[in-house]
Amino acid sequence: MIPTAELREELRELLDEVVPEGGTESDTRFTNEQLDRLLSKANNIYAAAAEGWTRKAAMVQREIGQIKSYSVGQEKYDMADLTSLLEY
């Protein structure tokens with residue numbers, strides 16, 4: 001696809017990454033350049049959105065982390081639950 005401002009805006013909406021009023025693209029997880037690359041490589045906007053959501057999921061995991069706590073004695077791990085991820 002050939003990226004346009006209109007397609008980029010639609011992709012931002014599909015990714016729930018709309019630039020806030022008075023904000024800039026840096027207030028979202030994706031720059032315009034990154035969105036343009038997603039659009040360029042995709043066959044349609046929905047394929048670009050699917051790839052964007054995959055990348056966004058990786059970003060969220062990195063941002064909040066996966067392991068909530070860790071203990072060496074008797075190997076205890078507490079993982080962040082899905083509710084915490086969704087609330088984040």
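**Exercises on Arg 12, Asp 16 and two helices**

Arg 12 touches Glu 17, Val 18, Val 19, Glu 25, Thr 28, Phe 30, Thr 31, Asn 32 and Leu 35, leaving aside residues up to four places away in sequence, where contact means heavy atoms within 4.5 Å. The model is predicted, and local features need pLDDT of at least 70, while side-chain atom pairs count only at pLDDT 80 or more and totals for chains, interfaces and linings use all residues. Residues are numbered from 1 along each chain as its sequence is written, and side-chain values use heavy atoms, with hydrogens and water left out.

**Exercise 1.** Determine whether Arg 12 is buried or exposed, and which side chain of opposite charge is nearest.

*Solution.* Begin with the burial: Arg 12 is buried, a word that stands for under 20% relative accessible area, with exposed meaning over 50% and partly exposed in between (1.4 Å probe, protein chains only). Next, the nearest side chain of opposite charge is Glu 25, 4.8 Å away, and Arg 12 has no salt bridge, which requires a side-chain nitrogen of Lys or Arg within 4 Å of a carboxyl oxygen of Asp or Glu. Finally, a polar atom of the Arg 12 side chain lies 2.9 Å from the backbone oxygen of Phe 30.

**Exercise 2.** State what is notable about the phi of Asp 16, and whether this residue is buried or exposed.

*Solution.* Asp 16 is not a glycine, yet its phi is positive, about 55°. As for accessibility, Asp 16 counts as exposed because its relative accessibility is 57%.

Note on methods:
Lys and Arg count as positive and Asp and Glu as negative; His and the chain ends are not counted. A polar contact is a pair of N or O atoms within 3.5 Å; within protein, one must be able to donate a hydrogen and the other to accept it, and residues adjacent in sequence count only if both atoms are side-chain atoms.
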